[in-house]
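Dear colleague,

I am handing over the structure we spoke of, and I would be glad if you could look through it alongside the notes that follow.

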Amino acid sequence: MFKGLCVCYAVVLAAFFSVAISGYWAFGNRAQGLVLSNFVDSGRPLVPKWFVLMVNVFTILQLSAVAVVS
């Protein structure tokens, strides 16, 4: 059980650090706190509208799942 927990933490840490390192490599220290704000250039989105919609839908699903568990 403990070995499985350690593997789980290792996978999560590897995922988070790989995203953090690649994000810093791509944007440097100019990245904004809100992730989607990085994909807007002078009011014009750099990603398709369906992508922003899907991100918002998945965020609402995640928040509702957390509310159900709590």
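Over residues 7-27 the chain is 100% helix and 0% strand, with the end C-alpha atoms 30 Å apart. Please bear in mind throughout that this is a predicted model. The stretch 7-27 is one of two that the unreviewed UniProt entry annotates as "transmembrane region", the other being residues 47-69. In that second span, 91% of the residues are helix and 0% are strand, and the C-alpha atoms at its ends lie 32 Å apart.

The same unreviewed record also lists residues 1-63 under "domain: Amino acid transporter transmembrane". Across residues 1-63 the model is 65% helix and 6% strand, and the end C-alpha atoms are separated by 29 Å.

Taken as a whole, the chain holds 2 helices and 2 strands, which follow one another along the sequence in the pattern α-β-β-α. As to overall dimensions, the C-alpha trace spans about 50 × 35 × 15 Å along its principal axes, and the radius of gyration is 16 Å, whereas a compact globule of 70 residues would have one near 11 Å. Buried residues make up 3% of the 70 residues in the chain, and of the roughly 6400 Å² that the chain exposes, carbon and sulfur atoms supply 75%.

Two places may repay a closer look. The first concerns the second helix, H2, which runs over residues 49-69 and contains Leu53. Leu53 counts as exposed because its relative accessible area is 52%, and exposed here means over 50%. Together with Trp50, Phe51, Met54, Val57, Phe58 and Leu61, Leu53 makes a nonpolar surface patch of about 700 Å².

The second place is Asn38, which sits in the loop between helix H1 (2-27) and strand S1 (40-41). Is Asn38 buried or exposed? Its relative accessible area is 17%, so Asn38 is classed as buried, the cut-off for that class being under 20%. If its neighbours within four places in sequence are left aside, Asn38 is in contact with Phe27, Ala31, Gln32 and Leu46. Of these partners, Phe27 is the residue at which helix H1 (2-27) ends, and 27 is also the last position of the annotated span 7-27.

With best regards

Technical notes
Residues numbered from 1 in each chain as written. Predicted model: local features only at pLDDT ≥ 70, side-chain atom pairs only at ≥ 80, totals over all residues. Heavy atoms only, no water. UniProt positions renumbered as here; feature names shortened; annotations may be inferred. Helix = DSSP H or I, 4+ residues; strand = E, 2+ residues; numbered from the N terminus. Patch = residues over 30% accessible without salt bridge, like charges linked within 9 Å, V, L, I, M, F, W, Y side chains within 5 Å. Areas by Shrake-Rupley, 256 points an atom, 1.4 Å probe, with all protein chains shown as cover. Salt bridge = Lys/Arg side-chain N within 4 Å of Asp/Glu carboxyl O. Buried < 20%, exposed > 50% of the residue type's maximum accessible area, 1.4 Å probe, protein only. Rg over C-alpha atoms; globule rule 2.2 N^0.38 Å. Contact = heavy atoms within 4.5 Å.
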